[in-house]
Amino acid sequence: MSAKINKELPRGTHLKHPIIDGIEFKSPLEGYTYNAFKQAHIPIKYEPEHFELQPSFDYLGKKYRNIKYTPDFIGEDFVCECKGRLQRDFPLRWKMFLYKFKSEGLERKTYIVHNHKEVDEMNKDIKCNKS
């Protein structure tokens with residue numbers, strides 16, 4: 001379960017991308033969360049699918065790209081997003097994601113974790129809700 005560090009980082013990126021079990025995570029917090037789920041025997045999928053929150057469209061001759069969101073982890077009855085620092089667009093994107101999940105009948109408990117302590121608390125909560 002040792003983590004290798006990918007030394008080839010995209011320009012402007014200051015985070016190390018841990019590689020655990022052959023999966024390259026985008027942040028150390030995601031790697032920690034993955035290990036915590038694994039040690040707690042909580043089955044999850046890492047970035048299993050992209051959700052289109054708004055389709056692409058044309059407006060007065062200008063093309064606008066679609067808006068997508070990919071949750072970090074999806075479990076049987078929960079979604080987990082790891083956020084060390086919030087990007088400016090995240091609150092709106094998260095709100096759109098929750099609306100899409102609800103409208104498609106996929107409602108689940110959601111967690112946004114910012115640090116190791118919150119990951120550990122989330123795992124305790126998930127374990128308690130399964131009992």
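Colleague: In this predicted model, which residues have the most contacts inside the largest nonpolar core?

Modeller: A nonpolar core joins buried residues through side-chain atoms within 4.5 Å. Here the largest such core has 18 residues, and those with the most contacts inside it are Phe-37, Phe-73, Phe-78, Cys-80, Met-122 and Ile-126. Two or more residues each come from H1, S10, S11 and H3. The greatest contribution, four residues, is that of H1.

Colleague: What does Ile-126 touch, not counting residues up to four places away in sequence?

Modeller: With those positions set aside, Ile-126 touches Phe-37, Ile-42, Phe-78 and Tyr-111. Another core, of nine residues, lies apart from the largest one; Phe-51, Leu-53, Phe-90 and Phe-101 are among its members.

Colleague: How should one read the sheet, and what is the order of its strands?

Modeller: Strands pair if at least two bridges are found between them. In this case four strands form an open sheet in the order S4-S9-S10-S11, and the pairing is mixed. Strand S4 (44-46) and strand S11 (109-113) are at the edges; each has a single partner strand, so one side of each lacks a neighbour in the sheet. On average, neighbouring strands are turned by 20° against each other, direction ignored.

Colleague: In which sense do S4 and S9 pair?

Modeller: S4 and strand S9 (residues 73-75) pair in the antiparallel sense, over three bridges. Ile-44, for instance, has Gly-75 in S9 as its bridge partner.

Colleague: Which strands does helix H1 touch as it packs on the sheet?

Modeller: Helix H1 (residues 28-39) touches S4, S9, strand S10 (78-82) and S11, and its direction makes about 145° with that of S10. Helix H3 (residues 116-130) also packs on the sheet, touching S10 and S11, with its direction at about 165° to that of S11.

Technical notes:
Residues numbered from 1 in each chain as written. Predicted model: local features only at pLDDT ≥ 70, side-chain atom pairs only at ≥ 80, totals over all residues. Heavy atoms only, no water. Axes fitted to C-alpha atoms, helices over the stretch in contact; angles between N-to-C directions. Contact = heavy atoms within 4.5 Å. Buried < 20%, exposed > 50% of the residue type's maximum accessible area, 1.4 Å probe, protein only.
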